[in-house]
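User: I'd like a close look at one part of this model, and then a walk outwards from there through the rest of the chain. Here is what I have on screen.

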Amino acid sequence: MKEIQSRIQVGILGATGMVGQRFVELLADHPWFEIVALAASDRSAGQRYSDATRWVQSTPLPSRVAGMPVRPCVPDLPCRLVFSGLDSAVAGGLEEEFARAGHVVVSNSRNHRMDRDVPLIIPEVNPDHLDLVTRQRFGSGLIVTNPNCSVIGLVMALKPLADRWGLERVHVVMMQAISGAGYPGVASLDIVDNVIPFIGGEEEKVETEPRKILGRLGPDGVDLHSVKISAQCNRVAVVDGHTECVSVKLRAPASSGEIVDAFGAFRGAPQELGLPTAPEFPLVYLPDDRHPQPRLHRGLGRGMTVSVGRLRRCPLEDWKFALLSHNTVRGAAGCAVLIAELMLRRGFLEGR
Ligand code: NAP
């Protein structure tokens with residue numbers, strides 16, 4: 001296992017956006033990584049970060065980062081590892097350019113997630129899929145992705161069920177937070193006092209990405225898991241934290257006590273390796289019928305723990321439950337930083 005001798009210099013693409021700001025927050029005092037470059041669009045390039053960014057986090061903008069210049073998004077940054085929170089309208093091409101120039105790109109954007117040779121990783125769920133990078137043809141560069149923000153919480157709750165009983169079908173209704181739409185996001189006159197039963201492209205992602213993440217890595221890439229998923233995605237007036245109501249059909253009988261125990265016992269490589277961003281408990285089961293709730297539980301495990309509750313029999317499938325996951329931490333920047341920590345410990349960040 002690789003020991004960490006000195007901090008690794010990193011850059012953030014899309015540093016001024018919602019996810020970019022979370023990267024800044026999580027990396028400003030990181031024990032293994034040091035921010036040396038911030039990049040965004042030509043609208044922001046050339047300005048100080050504090051001038052280019054409308055900082056909307058509840059923690060203060062880190063003073064060391066505030067005065068750093070924002071650079072244009074061209075692949076000549078003074079660091080090999082870059083985290084991408086780029087708008088998906090431009091992320092596809094830009095991330096490839098960075099990889100071809102030798103950068104290791106850990107991306108939040110949808111563009112490369114389903115590419116055959118690109119790992120789609122939740123470190124607790126499928127760390128072995130990182131081996132896909134050996135198939136990539138970007139020279140010394142790489143692209144690794146994390147899943148859609150609502151998929152991460154869903155798959156973390158499904159993983160212990162899939163491993164122990166097998167998964168046949170999943171139906172999920174999602175109530176997604178406003179911050180999931182980026183900044184400035186949904187107009188207040190659209191979302192205050194309202195629910196919008198449509199988020200463009202979201203249901204397709206929820207119905208496909210889990211099949212890759214839960215799939216088996218074989219000689220020809222990832223064999224998709226056979227689970228059938230039906231998703232309905234709604235935008236609701238919550239700032240951070242996606243709530244999901246899930247029904248599952250399992251392949252073998254399970255009791256509620258066994259399922260609660262399986263949620264509570266769930267651990268993965270980040271916990272075994274003691275990675276800095278890993279929560280002690282990736283999943284917690286909350287027994288109060290009124291839980292989980294975004295305002296109360298999105299900060300558990302510093303935003304990295306997924307909360308589950310309300311497990312009960314489902315008259316249509318076998319079981320139903322509710323879950324909550326912080327969309328910009330566990331669902332975006334936090335998961336990406338955890339992926340990079342895993343890559344570092346497993347030797348994937350050494351030159352190729
Ligand atoms: P956002 O707030 O709109 O931020 C987008 C970022 O991309 C900004 O830094 C913006 O820079 C930059 N950008 C836009 N056009 C560019 C260009 N032509 N060249 C270089 N940079 C450009 O969006 P976000 O919510 O942070 O999401 C970022 C990505 O993460 C998206 O792909 C999104 O789907 C994904 N994601 C978001 C969430 C979430 O909960 N928000 C969760 C998971 C994944 P300027 O400020 O200079 O315009």
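Where is Ser 58 found?

Analyst: Ser 58 is in the loop between helix H2 (49-52) and helix H3 (63-66). Before going further, some housekeeping: this is a predicted model, where local features need pLDDT of at least 70, side-chain atom pairs count only at pLDDT 80 or more, and totals for chains, interfaces and linings use all residues. Numbering starts from 1 along each chain as its sequence is written, and side-chain values use heavy atoms, with hydrogens and water left out. The helices and strands are DSSP runs numbered from the N terminus: H or I with at least four residues for a helix, E with at least two for a strand.

Back to your residue. Ser 58 has a relative accessibility of 78%, so it counts as exposed (exposed is over 50% relative accessible area, buried under 20%, partly exposed in between, with a 1.4 Å probe and protein chains only). For a long-range marker, take Lys 320: it is 262 residues from Ser 58 along the chain, and their C-alpha atoms are separated by 34 Å.

Now for contrast, try His 129, in the loop between strand S5 (104-107) and strand S6 (142-145). This one is buried, because its relative accessible area is 2%. Leaving out residues up to four places away in sequence, His 129 touches Pro 119, Ile 121, Lys 212, Ile 213, Gly 215, Arg 216, Leu 217 and Val 222, where contact means heavy atoms within 4.5 Å. Ile 213 is 84 residues from His 129 in sequence, yet the two C-alpha atoms are 8.3 Å apart.

Ile 213 also takes us into a helix pair. The axes of H5 (residues 149-164) and H7 (residues 202-213) come within 9 Å and cross at roughly 45°, which means that H5 is oblique to H7. The axes here are lines fitted to C-alpha atoms, over the stretch in contact for helices, with angles from 0 to 180 degrees between N-to-C directions. On that scale, under 35 degrees is roughly parallel, over 145 roughly antiparallel, 65 to 115 roughly perpendicular, and the rest oblique. The crossing of H5 over H7 is right-handed, that is, the near helix is turned clockwise from the far one by less than a right angle, with anticlockwise making it left-handed. At the meeting point, H5 supplies Cys 149, Ser 150, Val 151, Leu 154 and Val 155, while H7 brings Glu 202, Lys 205, Val 206, Glu 209, Pro 210 and Ile 213.

A second pair is H1 (residues 18-27) with H11, whose axes come within 9 Å and cross at roughly 50°. H1 and H11 are therefore oblique to each other, and this crossing is right-handed too. Among the H1 residues making the contact are Phe 23 and Leu 27, with Ala 333 and Val 337 among those from H11.

Zooming out, the assignment splits the chain into domain 1 (8-148 + 333-345) and domain 2 (149-326); these bounds come from an automatic or database domain assignment. Their C-alpha centres lie 24 Å apart, and 35 residues of domain 1 are in contact with 42 of domain 2.

What about the inside? A nonpolar core here is a set of buried Ala, Val, Leu, Ile, Met, Phe, Trp, Tyr and Cys residues joined through side-chain atoms within 4.5 Å. The largest one has 88 residues, and Phe 33, Phe 83, Val 248, Phe 321 and Met 343 have the most contacts inside it. H11 (residues 329-345) gives the most to this core, twelve residues, and at least three residues come from each of domain 1 and domain 2. Beyond its neighbours within four places in sequence, Phe 33 has contacts that include Phe 83, Val 337, Ala 340 and Leu 344.

Finally, some backbone oddities. Most residues other than glycine have a negative phi, and most peptide bonds are trans. The bond from Tyr 183 to Pro 184 is cis, with omega near 0°, and another cis bond joins His 291 and Pro 292, with omega about 5°. Asp 193 is not a glycine but has a positive phi, near 65°, and it is exposed at 75% relative accessible area. Arg 302 has a positive phi as well, about 50°, and is exposed at 60%.
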